[in-house]
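The following paragraphs go through a protein model, beginning with its overall make-up and ending with its charged side chains. Please keep the structure in view while reading.

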Amino acid sequence: MAQPRRVRGHVRDAYSTKHSRNGGDRIPHADKVDPDDPARSHILITIARMEKAGVEIDDRAIEIATKLGRWHIEQALSEEPVAKGDVPRWQRRGQESRVEKTSFVYYVRCGHLVKIGTTVDLASRFIAIRPNEVLALEPGGPVLETERHREFAALRASGEYFHPGPALQKQILSLREAFGPPAWTQSLVPDGQNWFPMDGA
C-alpha cells in the first residue's frame, strides 16, 4: 500500500488529486480520445508532447495527434520481426485483436450532425455516445476512418462530426445498399426525426 508522502512539512495522500493541475483527471485530454481506439495511448502521449511544446489543444490538434498516433501503430504492426517469434508482447496483442475482433467505421446521427468513428465494440461505443440513429456500418478500422474524414473534410463541423451534405448522404446510402440497413436499436436516443426507418423499409 502506498504510504503518505511528506511535502514541505505536510503529509500528502499518495492518491490525492488535491494538488493536481489536472483537476482530478489523471490523464489530460483523455475525454477527447475514443476509448476504443487501438492507438489511444500513443495519441494521448502525442497530445501531451504537443501541449508541452506550446500547441493549443483544439479540435485540429486532436485530429493531428490522432493521425500521428494511428500512424505510429500502423508502422509498428507492419514491421517484420528480426527472427521468427521475435515479436514484442504489445505487438502480438495488437495483431491478435485485429484478427479476433471485427472493426467497423460507423456513421451515426447525433442531432443534426453525422459522427464518423471506428470501434471494435459497437455496444460499448454507442452506450458512450448515445446516438439518435445508426445510419450505416462499414467494415474497417482507423486507417479507413481517417480516409473518410479526409474525404468529407469539407463537411466537417468539429472533430468527428460532419454536416450531412450530399456527398456524405450518398456514401451512407451506398453503404446501406451494400451491407444492408444496420439492425441496431440498443443505446439509441430516439428523437422522432429518424432519417431512415428503423426496419430499413
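**Overall make-up**

The protein contains six helices and seven strands. The model is a predicted one. Read from the N terminus, the order of the elements is β-β-α-α-α-β-β-α-β-α-β-β-α.

The protein has 201 residues, and 36% of them count as buried. Its accessible surface is about 12,900 Å², and carbon and sulfur atoms make up 53% of that surface. Among contacts with a separation of 6 or more, 53% are between residues 24 or more positions apart.

**Strand β3 and its partners**

Strand β3 covers residues 104–110, and six of its seven residues are buried, so the rest of the structure largely encloses this strand. Which strands pair with β3? One partner is strand β4, residues 113–119, which pairs with β3 in the antiparallel sense over seven bridges. Within this pairing, Tyr107 is placed opposite Ile116 of β4. The two strands form a hairpin with two residues between them, and Gly111 in this hairpin has a positive phi near 70°.

Another partner is strand β5, residues 133–139, which runs antiparallel to β3 and is joined to it by six bridges. Here Phe104 has Pro139 of β5 as its bridge partner.

**Salt bridges**

Side chains of opposite charge can pair when their charged atoms come close. The count of salt bridges in this model is eight. Three of them are taken up below, beginning with one between β3 and β5.

Arg109 forms a salt bridge with Glu133, with 3.0 Å between the closest N and O atoms. Arg109 belongs to strand β3 and Glu133 to strand β5, so the pair links distant parts of the chain, 24 residues apart. Are these two residues buried or exposed? Residues under 20% relative accessible area count as buried. Arg109 has a relative accessible area of 0% and is therefore buried, and Glu133, with 2%, is buried as well.

A second salt bridge connects the side chains of Lys115 and Glu160, at 2.4 Å from N to O. Lys115 is in strand β4, whereas Glu160 is in the loop between β6 and β7 (161–162), so this pair ties together parts of the protein that are 45 residues apart in sequence. Both Lys115 and Glu160 are buried.

The third salt bridge is between Glu63 and Arg156, whose closest N and O atoms are 3.1 Å apart. This pair also links distant parts of the chain: Glu63 is in helix α2 (residues 59–78) and Arg156 is in strand β6 (residues 156–158), 93 residues apart. Glu63 counts as buried because its relative accessibility is 15%, while Arg156, at 22%, counts as partly exposed. The Glu63 and Arg156 pair is also part of a network: salt bridges that share partners join Arg60, Glu63, Lys67 and Arg156.

Notes: Residues numbered from 1 in each chain as written. Predicted model: local features only at pLDDT ≥ 70, side-chain atom pairs only at ≥ 80, totals over all residues. Heavy atoms only, no water. Helix = DSSP H or I, 4+ residues; strand = E, 2+ residues; numbered from the N terminus. Buried < 20%, exposed > 50% of the residue type's maximum accessible area, 1.4 Å probe, protein only. Contact = heavy atoms within 4.5 Å. Areas by Shrake-Rupley, 256 points an atom, 1.4 Å probe, with all protein chains shown as cover. Pairing = 2+ DSSP bridges. Salt bridge = Lys/Arg side-chain N within 4 Å of Asp/Glu carboxyl O.
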